[in-house]
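Let's take a walk through this structure together, with the viewer open beside the text. We will go from ring contacts to a sheet and then to a pocket.

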Amino acid sequence: MARALPLLLLLAEAEARLLVPTPPRVSPGAVNPDPKAGPNDAPLCVGDACVPPPLAPRLAHFCRALSALHAESGGAFGETAGLLLKYCANVASSDDPRFRRIKKSNRAFARRLAPFASAVDCLRALGFEEQHTEAEGEVLVLASAEAAVLSAAVATLTQLLLPATLADRWPAPLRPELNRTCASLAFKHDLLDELTAELEQRHIGALLRHDENLARARTQLSMGTDGVRQLCDQLQAVRANMSAAAAHAGMPASAEGRVVAVASMEQWYDLLMDTKGLVVAYFGATWCAACKQAEPIFVGLSASERYRDVTFVQVDADATPALVGDNHVEAFPTIKFYRNAGEEYLPVVGANMEEVEQTLEAYVTSQ
């Protein structure tokens, strides 16, 4: 029976915060320092890549060398591991003999790998041997490649580098959860890709500005596969609602909003007096549950080309309570419509964004 390889350890280092591989748990002496010797009792599996028993010590050697490389390379670990991944992937995916020879004089090798003895040890674990030729000088040559070991090494390095790969695609408030999420979803790349695609949607910023939404997302990310699945389903439901609203308004659901945040009484009254056309004002609060659903849709409506002549503004009840009182707002969210400094149309109380759209349509068609 195959054993899952416990490759990933979440380090609490404040600066590095990397997922670092650890050797498989085997009894003392079971792993021979020579990766070619000492078969173990069962295959080791990294995701879908399984290494048969005779080759398991070689993968264990690779994992130990990779852990040593993290300690040795420090801040350069990301680019060093990235180059190792490139070498492994090239050999694993092609029979081209050029990929089985690495010149130590190569600029990338000299800059990223040569300074670290453990980097060369990683390559030795995979079967590369050091040779010297008159034509090329010092080279590392892979005489016989073990496909299973190379596939496992590629899977290990790919998983290891995921946090750095995905960091720019995740919203800043959730990036502290990225390492742990990658670890809990180890080798479940389809689900991680699905989650990342949802988190890239432009309305996510508005959702996560609400503390309750942010806390819920963090909790679900900490719950492993089931929590992430639940979070994906909820985000997809929000996006579906926005897409339906966008279809009515003739806009892309992911369009960038143009909502003006009102921060003072003076700004509010200047805006009402100076604006020609319709002003749509969204009154909400960060603690309001219904607002968390309505606000992203309101932001999406503001991006519609159809409503380009409408001014969209947002009033935070906690930041400007006097404006809430002056405008006789008693529940959240409330959306009011103003024209020529006076109210126009009936207000919409609650998260009924379809009614907001209907009012906007009535205004647009009347022009």
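Phe 337 is buried, its relative accessible area being 0%. Keep in mind that this is a predicted model. The ring partner of Phe 337 is Tyr 345, and the two ring centres lie 6.2 Å apart. Their planes meet at 85 degrees, and because planes over 60 degrees apart count as edge-to-face, the pair of Phe 337 and Tyr 345 falls in that class. Tyr 345 is partly exposed, with a relative accessible area of 31%, whereas Phe 337 is buried.

How many aromatic pairs are there by this rule? The count comes to 6. Another one to look up is Trp 268 with Phe 283, also edge-to-face, at 5.9 Å from centre to centre and with 65 degrees between the planes. This contact links distant parts of the chain: Trp 268 belongs to helix 11 (residues 265-274) and Phe 283 to strand 10, with their positions 15 residues apart in the numbering. Is each partner buried or exposed? Trp 268 has a relative accessible area of 0%, and since buried means under 20%, Trp 268 counts as buried. Phe 283 is likewise buried, at 0%. If you colour the rings, you can also pick out a cluster in which ring pairs link Trp 268, Phe 283 and Tyr 338.

Now turn to a sheet. Three strands form an open, antiparallel sheet in the order 6-8-7. Strand 6 (101-103) and strand 7 (128-133) stand at the edges. Each of these two has a single partner strand, so one side of each is left without a neighbour in the sheet. From one strand to the next, the twist averages 30 degrees. Strands of a sheet pair through backbone hydrogen bonds, in a parallel or an antiparallel way. Here strand 7 is joined to strand 8 (residues 137-142) by 6 bridges, and the two run antiparallel. To find one on screen, start at Glu 129, whose bridge partner in strand 8 is Val 141.

Last comes a pocket. The second largest pocket has a volume of about 290 Å³. It is lined by 17 residues, and those closest to its centre are Arg 209, Thr 286, Glu 295, Gln 314 and Asp 316. Which elements give two or more residues to this lining? They are strand 9 (260-262), strand 10 (278-284), helix 12 (289-302) and strand 11 (311-316). Sorted by class, the lining of the second largest pocket has 10 nonpolar, 4 polar and 3 charged residues.

Methods:
Residues are numbered from 1 along each chain as its sequence is written. This is a predicted model: local features need pLDDT of at least 70, side-chain atom pairs count only at pLDDT 80 or more; totals for chains, interfaces and linings use all residues. Side-chain values use heavy atoms; hydrogens and water are left out. On a 1 Å grid over the protein atoms alone, a cavity is a set of points where a 1.4 Å probe fits but cannot get out, and a pocket is an open set with protein on both sides within 12 Å along at least five of seven lines; lining residues have an atom within 4 Å of a point. Grid points are joined across faces, edges and corners, and a volume is the space filled by probe spheres set on the points. Helices (H or I, at least four residues) and strands (E, at least two) are DSSP runs, numbered from the N terminus. Ala, Val, Leu, Ile, Met, Phe, Trp, Tyr, Cys and Pro count as nonpolar, Asp, Glu, Lys and Arg as charged, and the others, Gly among them, as polar. Rings of Phe, Tyr and Trp (its six-membered ring) pair if their centres lie within 6.5 Å; planes under 30 degrees apart count as stacked, over 60 as edge-to-face and the rest as tilted. Buried means under 20% relative accessible area, exposed over 50%, partly exposed in between (1.4 Å probe, protein chains only). Two strands pair if DSSP finds at least two bridges between them. Axes are lines fitted to C-alpha atoms, for helices over the stretch in contact, and angles run from 0 to 180 degrees between N-to-C directions.
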